[in-house]
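Here is a short set of exercises to work through with the model open beside you. Try each task on your own before reading its solution.

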Amino acid sequence: MEVIACYSNKGGVGKTATSVNLAHALAEGGKRVLLCDLDPQGASSFYFRVKPSKKLDEARFFEDVARFTKAIRASDFERLDILPANMSFRDFDVFLARMRNKRSRLKKALSAVGNDYDVIVLDCPPNISALSENVFKAANRIIVPVIPTTLSARTFEQLVEFFDEHGLRRRKLAPFFSMVETRKSLHTDTMKEMRARYRKLFLESTIPFSADVERMGLKRAPVRSYAAKKPAGRAYAALYKEVLGSGVK
Ligand SMILES: Nc1ncnc2c1ncn2[C@@H]1O[C@H](COP(=O)(O)OP(=O)(O)O)[C@@H](O)[C@H]1O
Ligand SMILES: [Mg+2]
């Protein structure tokens, strides 16, 4: 079982769009996938037309495997299940902070359902907190959408520093360029510069800025379910293949 976290310390960069489309593309490709919506705003649950789960006793949620598995919902797509956002995830990092010496709880809860899934995708909220650190440990790969602008480059730098300072493995990070507009020289220059600075860290695949991705909110469905042959649909297929091929272990 692979755990792929979609994370950035910045909001609005395409984490949810990536989680939703990557999870869907993986399921299309024959993997059994569980998408966990860890962001209390519940955007990925929304895209899959799944209601947030009712408030559970947050302190016990990740300890109690039965509750965890009971909250899982089927999506409209074969092989793809969703763990809907739970408002109590808002307190999840506080809960983790209280249990400092038991940081692997999330991992335990995930591996308890592991037999049912080939890949678990985590749509993360955008902060470096106890939840994020837990996610960094639980994940085999951390997919990081980076919009090729000066500010995003800086934010990515901070994430890499955080990894270095906390003894986390940099190589777990799989950044890729998101919302790319190749007609903007700022975008192409930033991509070139960052690829040179972080040699081999960035994935080759990029996701273009696309109205088809924006339309996910209206369609409430992953891009490839209505625009598989369009550039964004193709780009997500390429991204999923690269993520799998790049040795998620
Ligand atoms: N490749 C893209 N092209 C155009 N719009 C995008 C793209 N990816 C995401 N968006 C839009 O940008 C906004 C933020 O994306 P989202 O995935 O919710 O970011 P995050 O989860 O990082 O906050 C959403 O309105 C989404 O529709
Ligand atoms: Mg999001």
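**Exercise 1. The ligand site**

Which atom of ligand 1 lies 3.1 Å from a backbone N or O atom of Val-13? Then find two further backbone contacts and describe the surroundings of ligand 1.

*Solution.* Keep in mind that this is a predicted model.
- Step 1: the partner of the Val-13 backbone atom is an oxygen atom of ligand 1, at 3.1 Å.
- Step 2: go on to Gly-14, where a polar backbone atom is 3.0 Å from an oxygen atom of the ligand. At Ala-17, a backbone N or O atom is 2.8 Å from a ligand oxygen.
- Step 3: ask how much of the ligand is covered. On its own, ligand 1 exposes 550 Å², and the protein buries 78% of that area.
- Step 4: widen the view. Ligand 1 is surrounded by 14 residues, and the closest are Gly-12, Lys-15, Thr-16, Ala-17 and Ser-210.

**Exercise 2. Checking a helix**

Work out whether the length of helix α1 agrees or disagrees with the expected span.

*Solution.*
- Step 1: helix α1 covers residues 15-28, which is 14 residues.
- Step 2: with 1.5 Å a residue, and one residue fewer than the total as the multiplier, the expected span is 20 Å.
- Step 3: the end C-alpha atoms of α1 are 20 Å apart, so the two values agree.
- Step 4: look at how covered the helix is; 13 of its 14 residues are buried.
- Step 5: move just past the end of α1, where Gly-30 has a positive phi of about 105 degrees.

**Exercise 3. Two residues in helices**

Decide whether Ser-45 and Ala-153 are buried or exposed, and list contacts of each.

*Solution.*
- Step 1: place Ser-45 in helix α2, residues 43-47. Its relative accessible area is 1%, so Ser-45 is buried, the cut-off being under 20%.
- Step 2: leaving out residues up to four places away in sequence, Ser-45 touches Asp-37, Val-50, Pro-84 and Ala-85. With Asp-37 there is a side-chain polar contact of 2.6 Å.
- Step 3: place Ala-153 in helix α8, residues 150-165. Its relative accessibility is 8%, so Ala-153 is buried too.
- Step 4: beyond four places in sequence, Ala-153 is in contact with Thr-190 and Met-194. Ala-153 and Met-194 are 41 residues apart in sequence, yet their C-alpha atoms are 7.5 Å apart.

**Exercise 4. Positive phi outside glycine**

Where do Arg-79 and Lys-200 lie, and how exposed is each?

*Solution.*
- Step 1: Arg-79 is not a glycine, but its phi is positive, about 65 degrees. Arg-79 sits in the loop between β3 (73-74) and β4 (80-83).
- Step 2: the relative accessible area of Arg-79 is 34%, so Arg-79 is partly exposed.
- Step 3: Lys-200 also has a positive phi, near 70 degrees. Its loop lies between α9 (185-197) and β8 (206-208).
- Step 4: at 83% relative accessibility, Lys-200 counts as exposed, the cut-off being over 50%.

**Exercise 5. The chain and its confidence**

What is the average pLDDT of the chain, and which stretch has a pLDDT below 50?

*Solution.*
- Step 1: the average is 84, and 79% of the residues score at least 70.
- Step 2: the stretch is residues 93-103, which has 16 contacts in the model beyond near neighbours in sequence. Predicted coordinates should not be read in detail where pLDDT is low.
- Step 3: finish with the overall make-up. The chain has 12 helices and eight strands, and 54% of its 249 residues are buried.

How values were computed: Residues numbered from 1 in each chain as written. Chains lettered and ligands numbered in written order. Predicted model: local features only at pLDDT ≥ 70, side-chain atom pairs only at ≥ 80, totals over all residues. Heavy atoms only, no water. Helix = DSSP H or I, 4+ residues; strand = E, 2+ residues; numbered from the N terminus. Buried < 20%, exposed > 50% of the residue type's maximum accessible area, 1.4 Å probe, protein only. Near = heavy atom within 4 Å. Polar contact = N/O pair within 3.5 Å; in protein donor to acceptor, adjacent residues only side chain to side chain. Areas by Shrake-Rupley, 256 points an atom, 1.4 Å probe, with all protein chains shown as cover. Contact = heavy atoms within 4.5 Å. pLDDT = per-residue confidence, 0-100.
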